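Colleague: Please take a close look at one part of this model for me, the aromatic side chains and what surrounds them. Then carry on to whatever else stands out.

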Amino acid sequence: MKKLLMATAALALGATTALAETKIGMITTLSGGGAGLGIDVRDGFMLAIKQSGRDDIEVVIEDDQRKPDIAVQLADKMVQSERVDILTGIIWSNLAMAVIPSVTAQGKFYLSPNAGPSALAGQGCHQNYFNVAWQNDNLHEAAGAYAAEAGYKNSFILAPNYPAGQDALTGYKRMFGGELAGEVYTQLGQTDYAAEIAQIRASGADSVFFFLPGGMGISFLKQYADSGVELPVIGPAFSFDQGILQAVGDAALGVVNTSQWNKDIDNPTNNAFVETFQTEYGRLPSLYASQGFDTANLILSALDKAEVSDADAFRDALRAADFSSTRGAFKFGPNHHPIQTIYAREVIKEGDVYTNKIIGVALEDHADAYAADCKM
C-alpha cells in the first residue's frame, strides 16, 4: 500500500508539472498618445503565441497609459500578485527605467520589445534583462552614418528631452561626424513645432535629423511640410513607421529613415509574418509589431529548452536566440542587446498605402557602444 501511494503521488506530481503554466506579464501603452505603438507590439506578440499552439502559456496584458507611476504599480502587481515569470511590453524609455531595474532585482526576466536606454546597456545591465529590439542609440547611429555617406555636412538635430531622446542625438552625432547647425530638445508629447521650424529655417543647415515618435512625429512632419522649408529630412523608423505614415501622408514621401526591419526583408519567416499579420489584423505590420513577434518567438524558443524556474538554464536558452527572426540572422552581444544590420529605407506609396522600401545598408552587424561597460 505504501509503495502504491508513493507511485500515485509521483504520477500526480508529473501531471502538475506537465500542466504548469508560464505566466507572462505585458505592460504596454494601449491608450492616449503612443497607443498605436503598444497595440502593435501586443498584436505581434500575441500572433506568435497563437501560432505556437501552446496552451501552457498565459499572457496578462495591462495599459501603462504612458505614465511611469502607473507602469510601476502594474509591475508590482504582476510580480507580487499575479506571480508572473516574465515581463515585457514597455515602449517608452522613461517607463523602462522606472520598471526594469526593480523587476530584475526581484529575480524576474524582462525582455524588451522596444525601449533600450543606454543606462541599461552599460553599467546598469543585468543578466535577466534582454533587449530584442535595439539599444536606443542604434537606429540614430545608422541615420548619422547615412547622412555622412550622403555628403551632408551641417545638420540641425532635435528630439524630446527624455532618455531615448538623449540617446538619439548622442547616437546620431557619434556616426555623423559633421557640424551641427543646431541641437534642440523638445518637450515629451509636444505637438506645436513652430518655434523649432523657425530655428531650422534660420540655421543654415543642409539637413534635418529628428527623433519624434508617435503623434509627435506626425505633428512635426505636417508642420514642416506646410512651412515651406525644403531641407532634406532624415530620421529613424520611429517617425516613419507603418501606423504613422498613413497619418502623415505625402509630407513623408521620399524621406530616408533607418530601421533593422522592413516588410520587404526577404526571408521565409518575415514573408509569412507580413502575410499572417495582415490576415489576422487587417493592416500591414509595423516595426513595433515585428519586435513584439520576435520577442514572443524568442521566449517560445527558450521554453522549448528550459523551464523558467531553472533560471540559469532559461537564461542560457535566451542567450542562444535559437529562433527564426523576422530580421533573418539574430544574435545577442555580451550585454544582451542585438548585434544586427540596420537598413536605410525610403518612404514610398504603393497604391493608396504609404510604406517603406529598403534602399541600402546603413550599418552592418552593428553592436551598441555600451557593451564594454557591462559587467555581468
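Modeller: R66 sits over the face of W92, 4.8 Å from the ring centre. Keep in mind that this is a predicted model.

Stay with W92. A search of the whole structure gives 18 aromatic pairs. In one of them, W92 partners Y162. The centres are 6.4 Å apart, with 50° between the planes, and the pair is tilted. Where do the two rings sit along the chain? W92 belongs to the loop between β3 (86-88) and α4 (93-105). Y162 belongs to the loop between β6 (154-160) and α6 (163-176). That is 70 residues apart, so the pair links distant parts of the chain. Both W92 and Y162 are buried.

Now take F210 and F220. Their ring centres are 4.7 Å apart. Their planes meet at 45°, so this pair is tilted. F210 is in strand β8 (residues 207-210), while F220 is in helix α8 (residues 215-227). The two are 10 residues apart, and the pair is another link between distant parts of the chain. Are these two rings buried or exposed? F210 has a relative accessible area of 0%, so F210 is buried. F220 also has a relative accessible area of 0%, so F220 is buried. The pair is part of one aromatic cluster, formed by Y193, F210, F220, Y224 and F240.

Next, the cysteines. How many disulfides are there? The count is 1. C125 and C374 form it, with their sulfur atoms 2.1 Å apart. The link is right-handed, with 90° about the S-S bond. C125 lies in the loop between β4 (109-112) and β5 (129-131). C374 lies in the segment after β13 (353-366). They are 249 residues apart, and the disulfide links distant parts of the chain. C125 and C374 are both buried.

Last, a residue in a helix. T295 is found in α11 (residues 287-303). Its relative accessibility is 0%, so T295 counts as buried. What does T295 touch, leaving out residues up to four places away in sequence? The contacts are F45, T88, L111, S112, P113 and V132.

How values were computed:
Residues numbered from 1 in each chain as written. Predicted model: local features only at pLDDT ≥ 70, side-chain atom pairs only at ≥ 80, totals over all residues. Heavy atoms only, no water. Phe/Tyr/Trp six-rings, centres within 6.5 Å; stacked < 30°, edge-to-face > 60°. Helix = DSSP H or I, 4+ residues; strand = E, 2+ residues; numbered from the N terminus. Buried < 20%, exposed > 50% of the residue type's maximum accessible area, 1.4 Å probe, protein only. Lys NZ or Arg CZ within 6 Å of the ring centre and 35° of its normal. Disulfide = S-S within 2.5 Å. Contact = heavy atoms within 4.5 Å.
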